[in-house]
Amino acid sequence: MDEILSKLSEIETAASRIQEGAEQQKKALDQQQEERIAQYDRQIDQEAEQELEELRKELSVSVQKDLEDLRKNAEKSLDDLERYYQEHHEQLVDDIYEKIIRK
């Protein structure tokens, strides 16, 4: 009977060691998984930041181009108005004078 109890005790000790080993292995695997997740998160954040920076640059270039186009259009409109005025200022003065007199 002592032999059976001794064997059961050995089996229980072996089972405890196996369980402890499995628990340590599980902790190690959990740690590895956490490290992989953290690395993946850092990589995704870095890629997203790079993409945002590229989009910011593209937007800046686009805005500058649009502003330059608006400036050129405004200058052209002012030049057109100035030219119209120079060509028709006598008629404009006469029209304004007529409107003032009629009222």
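The secondary structure of this protein comes to 1 helix and 0 strands. What you see is a predicted model, and the helix, called H1, covers residues 2-102. Let us walk through it step by step, beginning with the overall form.

How does the radius of gyration of the protein compare with that of a compact globule of 103 residues? Such a globule would have a value near 13 Å, but the protein has 42 Å. The box filled by the C-alpha atoms gives another view of the form: along the principal axes, this box is roughly 135 × 30 × 10 Å.

With that picture in mind, we can turn to the surface. What share of the 103 residues counts as buried? The answer is 0%. A residue is called buried when its relative accessible area is under 20%, and the residues we will meet below can be read against that cut-off. The accessible surface of the whole protein comes to about 10,100 Å², and 54% of this area belongs to carbon and sulfur atoms.

Some of that surface is gathered into patches. One of them is nonpolar: Met1, Ile4, Leu5, Leu8 and Ile11 make a patch of about 580 Å². Take leucine 8 as an example from this group. Leucine 8 lies in helix H1, and its relative accessible area of 49% makes it partly exposed.

Further along the chain, the character of the surface is one of charge. Glu23, Asp30, Glu34 and Glu35 gather in a patch of negative charge on the surface. Glutamate 23, one of these residues, has its place in helix H1. Is glutamate 23 buried or partly exposed? With a relative accessibility of 40%, glutamate 23 counts as partly exposed.

Charges are found across the protein as a whole, with 16 positive and 29 negative ones. The mean positions of these two sets are 4 Å apart. Side chains of opposite charge can pair when their charged atoms come close. How many salt bridges does the structure hold? There are 8 of them, and three will serve as our examples.

The first example joins aspartate 69 and lysine 65, whose side chains meet in a salt bridge with an N to O distance of 3.1 Å. Where do these two partners sit along the helix? They are 4 residues apart in helix H1, so about one helical turn separates them. Aspartate 69 is partly exposed at 31% relative accessibility, whereas lysine 65 counts as exposed at 52%.

The next example has a similar theme. Aspartate 80 forms a salt bridge with arginine 83, and their closest N and O atoms are 3.0 Å apart. Both residues lie in helix H1, with a spacing of 3 residues, or about one turn of the helix. Aspartate 80 counts as partly exposed at 29% relative accessibility, and arginine 83 is also partly exposed, at 45%. Elsewhere, salt bridges that share partners join Glu49, Glu53 and Arg56 into one network.

That network holds our last example. Arginine 56 forms a salt bridge with glutamate 49, where the closest N and O atoms are 3.5 Å apart. Arginine 56 has a relative accessible area of 45% and is partly exposed. Glutamate 49, at 42% relative accessibility, counts as partly exposed too.

To look back over the walk: the protein has 1 helix and 0 strands, 0% of its residues count as buried, and the structure holds 8 salt bridges.

Note on methods. Residues numbered from 1 in each chain as written. Predicted model: local features only at pLDDT ≥ 70, side-chain atom pairs only at ≥ 80, totals over all residues. Heavy atoms only, no water. Salt bridge = Lys/Arg side-chain N within 4 Å of Asp/Glu carboxyl O. Buried < 20%, exposed > 50% of the residue type's maximum accessible area, 1.4 Å probe, protein only. Helix = DSSP H or I, 4+ residues; strand = E, 2+ residues; numbered from the N terminus. Rg over C-alpha atoms; globule rule 2.2 N^0.38 Å. Areas by Shrake-Rupley, 256 points an atom, 1.4 Å probe, with all protein chains shown as cover. Lys, Arg positive; Asp, Glu negative; His and termini not counted. Charge placed at Lys NZ, Arg CZ, Asp CG, Glu CD. Patch = residues over 30% accessible without salt bridge, like charges linked within 9 Å, V, L, I, M, F, W, Y side chains within 5 Å.
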